[in-house]
Amino acid sequence: VKPGTQECVPNIGTNNPAFVGNPNLLLEQAKQYEVGYQSELGRNYSIQVAVFNRAETGLSGLRQSRALQDIGSTYDGSLPQYTVLVNGDFLTSRGVEATFRRRLANRWGYDVNYGMSRATTNSRPPDRANEIQRTEAASRQQLLETVADVDQTFRFNATVFLAVREDIPSLPLNVGRFMRNSRATLTFTTAAGIPYTPIRAASFGQVGQLANIADINSGRQPTTQQVDLLIDKGFRIGAVRYSGFLRVANLLDRRNCVQVFANTGTCDNGLRDFGNRSVGNTGDASTSTAFDQPEFIGARRSLSTGITVNF
């Protein structure tokens, strides 16, 4: 209550806030353990393996007021009901990562990295939990250990690099001299899609939300892939050293789905849950953005270039 008045701050009654803060919240805690092994294999190769486990406890979560304190029970009837922040959630992540490397020798080398992990939690972050509290998923988001929104089961990276310094190769027409102090790197990356909660039916509820929700995070977005290229060339003019580069991200211009429609599992078409994410579709229905979500697709091919000067 605001001092000197009978006014509740915030107003807990008819116009409830999204959720109420809690001055008794404790610091969130995280414990992480990692064990690794690294060794050289011959003169040019090395291997590295690491196993990790991370446990986060006391994470901020949302709970109904009556479950935490009896301020609501002092009033006659079921009101006021509100949501409050508490230290009640946890997240666990564990996995393994392995790297095999060939150091630069005879003008070439490569790195190969593969990682597997698993992340589980008992709830969503407060902002996300508040966003979906009006849907059927709200009754399933607590007290159950489910796959976390950030879970990514695997990630693979392979990099091949070629480098020529002063030891230029012998090529016809003396082409090798143009390769002096140059380097080229080609990187391939693929990763598992993050989880999402699928919709088994395309029907809508009374307030515009998608209905008939499946188990939380039981779906998986498509795998993403990307190829990047970096070319660097160094040269000297007088006493000044120059270095120019060309970087091409997503060289093959692949369309990667970074978010999907919940009823189709793809980023090309589907129905959007307007009850959770308002997008302002007013006026002519033909101008609706329900089927036009460019943010669902990752960055397309991009080129950048630059030059550095060293005196």
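# Notebook: looking up residues in a predicted model

I began with Thr159 and asked what it touches beyond its neighbours within four places in sequence, and I found Gly109, Tyr110, Asp111, Thr185, Leu186 and Thr187 as its contacts. I note early that this is a predicted model, and I keep that in mind for every entry. Thr159 is found in strand β6, which covers residues 154–164. Its relative accessible area is 17%, and because buried means under 20%, I wrote Thr159 down as buried. Its side chain also has a polar partner, since I found a polar contact of 3.4 Å that joins the side chains of Thr159 and Thr187.

**Entry on the whole chain**

I then stepped back to the protein chain, whose secondary structure comes to two helices and 12 strands. Reading along the sequence, I wrote down the pattern β-β-α-β-β-α-β-β-β-β-β-β-β-β. The protein chain has 311 residues, and 31% of them count as buried. I looked up the contacts with a separation of 6 or more, and 66% of these are between residues 24 or more positions apart. The accessible surface of the protein chain comes to about 19,200 Å², and carbon and sulfur atoms account for 55% of that surface.

**Entry on Ala55**

Ala55 lies in strand β2, which spans residues 45–64. With a relative accessible area of 25%, Ala55 is partly exposed. Which residues does Ala55 contact, once its neighbours within four places in sequence are left aside? I listed Gln29, Ala30, Lys31 and Leu91. I also checked Gln29 against Ala55 by their C-alpha atoms, which are separated by 8.3 Å although the two residues are 26 residues apart along the chain.

**Entry on Asn217**

Asn217 is found in the loop between β8 (195–196) and β9 (219–220). Is Asn217 buried or exposed? I found a relative accessibility of 7%, so Asn217 counts as buried. I then looked for polar partners of its side chain, and a polar atom there lies 2.6 Å from the backbone oxygen of Val147. A polar contact of 2.9 Å also joins the side chains of Asn217 and Asp149. Not counting residues up to four places away in sequence, Asn217 touches Arg124, Val147, Ala148, Asp149, Pro195, Tyr196 and Thr197.

**Entry on nonpolar groups**

Tyr196 came up again when I looked up the largest nonpolar core, which has seven residues: Tyr196, Cys257, Val260, Phe261, Cys267, Phe296 and Ile297. I followed Cys267 from this core, and, leaving out residues up to four places away in sequence, it touches Cys257, Gln259, Val260, Phe261, Phe296 and Ile297.

On the surface I found a nonpolar patch formed by Phe235, Ile237, Ile307, Val309 and Phe311, which together have about 550 Å² of accessible area. Which strands each supply at least two residues of the nonpolar patch? I noted β10 (224–237) and β12 (302–310). Val309, one of the patch residues, is found in strand β12 and is partly exposed, with a relative accessible area of 38%.

**Entry on salt bridges**

How many salt bridges does the count come to? I wrote down seven, and I looked at some of them one by one.

Glu56 forms a salt bridge with Arg54, and the closest N and O atoms are 2.9 Å apart. Arg54 counts as partly exposed at 30% relative accessibility.

Asp151 forms a salt bridge with Arg220, with the closest N and O atoms 2.9 Å apart. This pair links distant parts of the chain, for Asp151 sits in the loop between β5 (146–147) and β6, while Arg220 is in strand β9, 69 residues apart. I compared their surroundings: Asp151 is buried, with a relative accessible area of 1%, whereas Arg220 is partly exposed, with a relative accessible area of 32%.

Arg300 forms a salt bridge with Asp253, the closest N and O atoms being 3.0 Å apart. Both Arg300 and Asp253 lie in the loop between β11 (240–249) and β12, and because they are 47 residues apart in sequence, the pair ties those parts together. Arg300 is partly exposed at a relative accessible area of 35%, and Asp253 is partly exposed at 24%.

I closed with Arg118, which is joined with Asp151 and Arg220 into one network by salt bridges that share partners.

Terms used. Residues are numbered from 1 along each chain as its sequence is written. This is a predicted model: local features need pLDDT of at least 70, side-chain atom pairs count only at pLDDT 80 or more; totals for chains, interfaces and linings use all residues. Side-chain values use heavy atoms; hydrogens and water are left out. Helices (H or I, at least four residues) and strands (E, at least two) are DSSP runs, numbered from the N terminus. Buried means under 20% relative accessible area, exposed over 50%, partly exposed in between (1.4 Å probe, protein chains only). A polar contact is a pair of N or O atoms within 3.5 Å; within protein, one must be able to donate a hydrogen and the other to accept it, and residues adjacent in sequence count only if both atoms are side-chain atoms. Contact means heavy atoms within 4.5 Å. A nonpolar core is a set of buried Ala, Val, Leu, Ile, Met, Phe, Trp, Tyr and Cys residues joined through side-chain atoms within 4.5 Å. Patches are made of residues with over 30% relative accessible area and no salt bridge: like charges are joined within 9 Å, nonpolar side chains (Val, Leu, Ile, Met, Phe, Trp, Tyr) within 5 Å. Accessible areas come from the Shrake-Rupley method with a 1.4 Å probe; for residues, only the protein chains shown count as cover. A salt bridge is a side-chain nitrogen of Lys or Arg within 4 Å of a carboxyl oxygen of Asp or Glu.
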